[in-house]
Amino acid sequence: MIVYGTRAVLQKTEYIYDACPNCRAANSVLINVYQRYAHIFWIPFFPIGKTGISACKGCSQVLKLNQMPESLKLSYENIKSNTRIPVWTFIGVFLIGAGIVAGVVSENQKAEKVGRLILAPKKNDVFEIKIKDDQYTLYKVQKVERDTVYFVANKFVTNQESGISDLTDKGDQAFDESTTYGISIPKLVEMNKSDKIVDIDRK
Ligand SMILES: [Zn+2]
């Protein structure tokens, strides 16, 4: 379950000169300005405007923004315009942005690594292969002869890219050593171009 919603934090408290609309006392009304923000699991996500109340210390009348007479509203707007949006209310937006950047960087690094290893495969390199949509398996390098790479295939297939790590966890005995497949390096490069090689693991 995702807990989300809005919260408000007090940002500014200021007494105003205007007379209280209820008891007519001057210098008696204070105005609170609140910053509202959306949160997910109480982590501030983004700001969503401000709100405020007025409170009179003489007669104790408390008015919400929509209950204030025009004069109080004006004072509120004045105080509000001098109140900045706190940077921390954007934490969630920053986190998501940072996550996207980290994701892109790690994808680029993986693509660069695959492009490099594919040209110089070594015994026991494990290729994560997309056989077709919803079918992934592992090929392990047995030997390399000139430009041909000989693989043994994993006995298992997973239907999700995220399931590949389960195949990796099954270890060496999950590879069918009885059959070896030869694939040329140019053919591997071609497979990589058409996104059939998800990753290459070298120990
Ligand atoms: Zn009052």
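How many C-beta neighbours does alanine 55 have inside 10 Å?

**Close-up of alanine 55, a residue of strand β3.** The model shown here and in the views below is a predicted one, in which local features need pLDDT of at least 70, side-chain atom pairs count only at pLDDT 80 or more, and totals for chains, interfaces and linings use all residues. Residue numbers start from 1 along each chain, as its sequence is written. Alanine 55 has 16 C-beta neighbours inside 10 Å, so it counts as partly exposed. (A residue is buried with 20 or more other C-beta atoms within 10 Å of its own, exposed with 12 or fewer, and partly exposed in between; C-beta atoms are placed from the backbone.) Not counting residues up to four places away in sequence, alanine 55 touches Leu30 and Val62; contact means that the C-beta atoms of two residues lie within 7 Å. Glycine 5 is 50 residues from alanine 55 in sequence, and their C-alpha atoms are 26 Å apart in space.

**Close-up of the open sheet, with four strands in the order β1-β2-β3-β4.** Strands (E, at least two residues) and helices (H or I, at least four) are DSSP runs, numbered from the N terminus, and two strands pair if DSSP finds at least two bridges between them. The pairing in this sheet is antiparallel. β1 (4-16) and β4 (62-64) stand at the edges with a single partner strand each, so one side of each has no neighbour in the sheet. On average, neighbouring strands are turned by 25° against each other, direction ignored. (Axes are lines fitted to C-alpha atoms, for helices over the stretch in contact; angles between N-to-C directions run from 0 to 180 degrees.) Strands β2 (residues 29-40) and β3 (residues 43-56) run antiparallel and are joined by 11 bridges. Opposite alanine 38 stands phenylalanine 46 in β3.

**Close-up of two helices that pack on this sheet, α1 and α2.** Helix α1 (residues 70-81) touches β1, β2, β3 and β4, and its direction makes about 60° with that of β2. Helix α2 (residues 91-117) touches β2 and β3, and its direction makes about 175° with that of β3.

**Close-up of helix α2, which has 27 residues.** At 1.5 Å a residue, α2 should span 39 Å, which agrees with the 38 Å between its end C-alpha atoms; the expected span is 1.5 Å times one less than the number of residues. The number of buried residues in α2 is zero, so the helix lies largely in the open. The domain assignment gives domain 1 (4-93) and domain 2 (114-201), with bounds from an automatic or database assignment. Between the C-alpha centres of domain 1 and domain 2 there are 61 Å.

**Close-up of two hairpins, β5 with β6 and β6 with β7.** Strand β5 (residues 126-132) and strand β6 (residues 135-145) run antiparallel, joined by six bridges. Lysine 140 in β6 is the bridge partner of valine 126. Two residues lie between β5 and β6, and aspartate 134 takes a positive phi near 65°. β6 also pairs with strand β7 (residues 148-153), antiparallel and over six bridges. Here valine 144 stands opposite valine 149, and glutamate 145 has threonine 148 as its bridge partner. This hairpin has two residues between its strands, and arginine 146 in the turn has a positive phi of about 45°.

**Close-up of β7, a strand whose side chains alternate.** Val149, Phe151 and Ala153 point to one face and are buried, whereas Thr148, Tyr150 and Val152 point to the other face and are not. Four bridges join β7 to strand β8 (residues 181-184), and the two run antiparallel. Tyrosine 150 has glycine 182 in β8 opposite.

**Close-up of the largest nonpolar core, a set of 16 residues.** Such a core is a set of buried Ala, Val, Leu, Ile, Met, Phe, Trp, Tyr and Cys residues joined through C-beta atoms within 7 Å. Phe127, Ile129, Leu138, Tyr139 and Phe151 have the most contacts inside the core. At least two of its residues come from each of β5, β6, β7, α3 (164-169) and β9 (197-201). β6 gives the largest share, four residues. Beyond its neighbours within four places in sequence, leucine 138 is in contact with Val126, Phe127, Glu128, Ile129, Asn154, Leu167 and Thr168. A second, separate core has eight residues, among them Ile16, Val29, Val33 and Leu63.
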